[in-house]
Amino acid sequence: MRKIFSLIILIILALGVYICISEIPFGKPGTAVGNYYIEKGIEETGAVNIVTSIVLNYRGFDTLGEVTILFLASLGLGAILATVQNKTRGVITPPSLILTTACRFLFPFILMFGAYIFLHGHLTPGGGFQGGAIIASGFLLRYLGCPQKRIRQSSFVAIESLGGIAFIIIGLLGFTAGGFFLFNFLPKGVANTLLSAGIIPLIYIAIGLKVGAEMAGIIDTLIEES
Amino acid sequence: MDFLNNYIFYIGAFGLIFIGLYILLTRKNLIKLIIGLSIVDTGVNLLIICMGYLKNGTAPIFSRKGLNPETMVDPTPQALVLTSIVIGVAVLAMALSLAIRLYQHYGTLDMRKIKEQKW
């Protein structure tokens, strides 16, 4: 009964959506805003990856809010789960020799790949959030492969705080140098080189460290509960 | 075939959204509800990306000389989806932590049984 009602509601919704969507042209040239970013992006920000120049330059303040949301999520996770008193850890099945060895071997390379992704955020697809997620996946592998070795959560918190503070300090330096928050005060350099685009690589390094530490902290909290 | 050619991306995106909504409406297990929420999230992201699609377009990155700016896809939706994905992770983490606490308190993940004890 419930399933039939749900299906009827969804079919009505789908019809409404179809009536709205069928009028919109698909696959046609983009909006004026998108064209402006593509045409002026390189000369105004110095980053060849236009998505990065939008995320960190045109909408940099928005990204600060995004980073804050992730921080609040990790804080809320800690607040909800930290009140549990009896931390009875379940029986851990020890991982096999292959998994342990592979984890020890692969962990530094995963960290290096994550760092590469967020250092080259203004040149190639990728950036701070993606690189941070890769670093956190390395920590997840470590938690699965070597569960005896715990990493202290205070180090995650320290790196997370340093990343957030670095972002805000770079923004405030722009405020003193150019008159508004997150002003690109460093020289833009030659496009398509590593040391270009002014403050964008610096902010992405801060975001990459922060997101990596935050996600690893979330994984750590959730694994401790299981 | 013309219809499929024009709207296959929208069909995929809304298909994911409706599958997720169906899970949200019919299932009772909390973990399954969270999976449904995540599927809806993915569908919405795909829908926003579709809005900026250009036939035979390239990625909006000037990685070498000679790339035509006219054939690049719209970069604005991609930047917005980056925000949306991060918020999706935050929502998923919060929902999972609440599910863990509910299970510790009630000893079940079934929504109906939790409601019986509450009301």
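Biologist: Which helix of chain A is I200(A) found in?

Modeller: I200(A) is found in helix 8 of chain A. Helices are DSSP runs (H or I, at least four residues), numbered from the N terminus. This is a predicted model: local features need pLDDT of at least 70, side-chain atom pairs count only at pLDDT 80 or more, and totals for chains, interfaces and linings use all residues. Residues are numbered from 1 along each chain as its sequence is written, chains are lettered from A and ligands numbered from 1 in the order in which they are written, and side-chain values use heavy atoms, with hydrogens and water left out.

Biologist: Why is I200(A) called buried?

Modeller: Buried means under 20% relative accessible area, exposed over 50%, partly exposed in between (1.4 Å probe, protein chains only). I200(A) has 1%, so I200(A) is buried.

Biologist: What is I200(A) in contact with, leaving aside its neighbours within four places in sequence?

Modeller: Contact means heavy atoms within 4.5 Å. The partners of I200(A) include T45(A), A47(A), L56(A) and H122(A).

Biologist: Which salt bridge do E214(A) and K210(A) make, and what makes it one?

Modeller: A salt bridge is a side-chain nitrogen of Lys or Arg within 4 Å of a carboxyl oxygen of Asp or Glu. For E214(A) and K210(A) the N to O distance is 3.1 Å, so the pair meets the rule. Both residues lie in helix 8 (residues 200–225), four residues apart, about one turn of the helix. Both are buried.

Biologist: How many salt bridges does the structure hold over all chains?

Modeller: Two. D62(A) also forms one with R59(A), the closest N and O atoms being 3.0 Å apart.

Biologist: Why are D62(A) and R59(A) called partly exposed?

Modeller: D62(A) has 32% relative accessibility, so D62(A) counts as partly exposed. R59(A) has 31%, so R59(A) is partly exposed.

Biologist: How many salt bridges does the rule find across the interface of chain B and chain A?

Modeller: Zero. Yet 44 residues of chain B are in contact with 51 residues of chain A.

Biologist: What area do chain B and chain A bury between them?

Modeller: About 4,200 Å², 75% of it on carbon and sulfur atoms. Buried area is the accessible area (1.4 Å probe) that two parts lose on being put together, summed over both.

Biologist: Why is C20(A) not bonded to C50(B)?

Modeller: A disulfide is a pair of cysteine sulfur atoms within 2.5 Å. The sulfur of C20(A) is 16 Å from the closest cysteine sulfur, in C50(B), so it is too far for a bond. C50(B) is in no disulfide. Over all chains the structure holds zero disulfides.

Biologist: Are these cysteines buried or exposed, and what makes them so?

Modeller: C20(A) has 53% relative accessibility, so C20(A) counts as exposed. C50(B) has 4%, so C50(B) counts as buried.

Biologist: Which residues make the nonpolar surface patch of about 580 Å²?

Modeller: M1(A), I4(A), F5(A), I8(A) and I12(A) make it. Patches are made of residues with over 30% relative accessible area and no salt bridge: like charges are joined within 9 Å, nonpolar side chains (Val, Leu, Ile, Met, Phe, Trp, Tyr) within 5 Å. Accessible areas come from the Shrake-Rupley method with a 1.4 Å probe; for residues, only the protein chains shown count as cover. I4(A) has 52%, so I4(A) is exposed. I4(A) lies in helix 1 (residues 2–21) of chain A.

How values were computed: Helix = DSSP H or I, 4+ residues; strand = E, 2+ residues; numbered from the N terminus.
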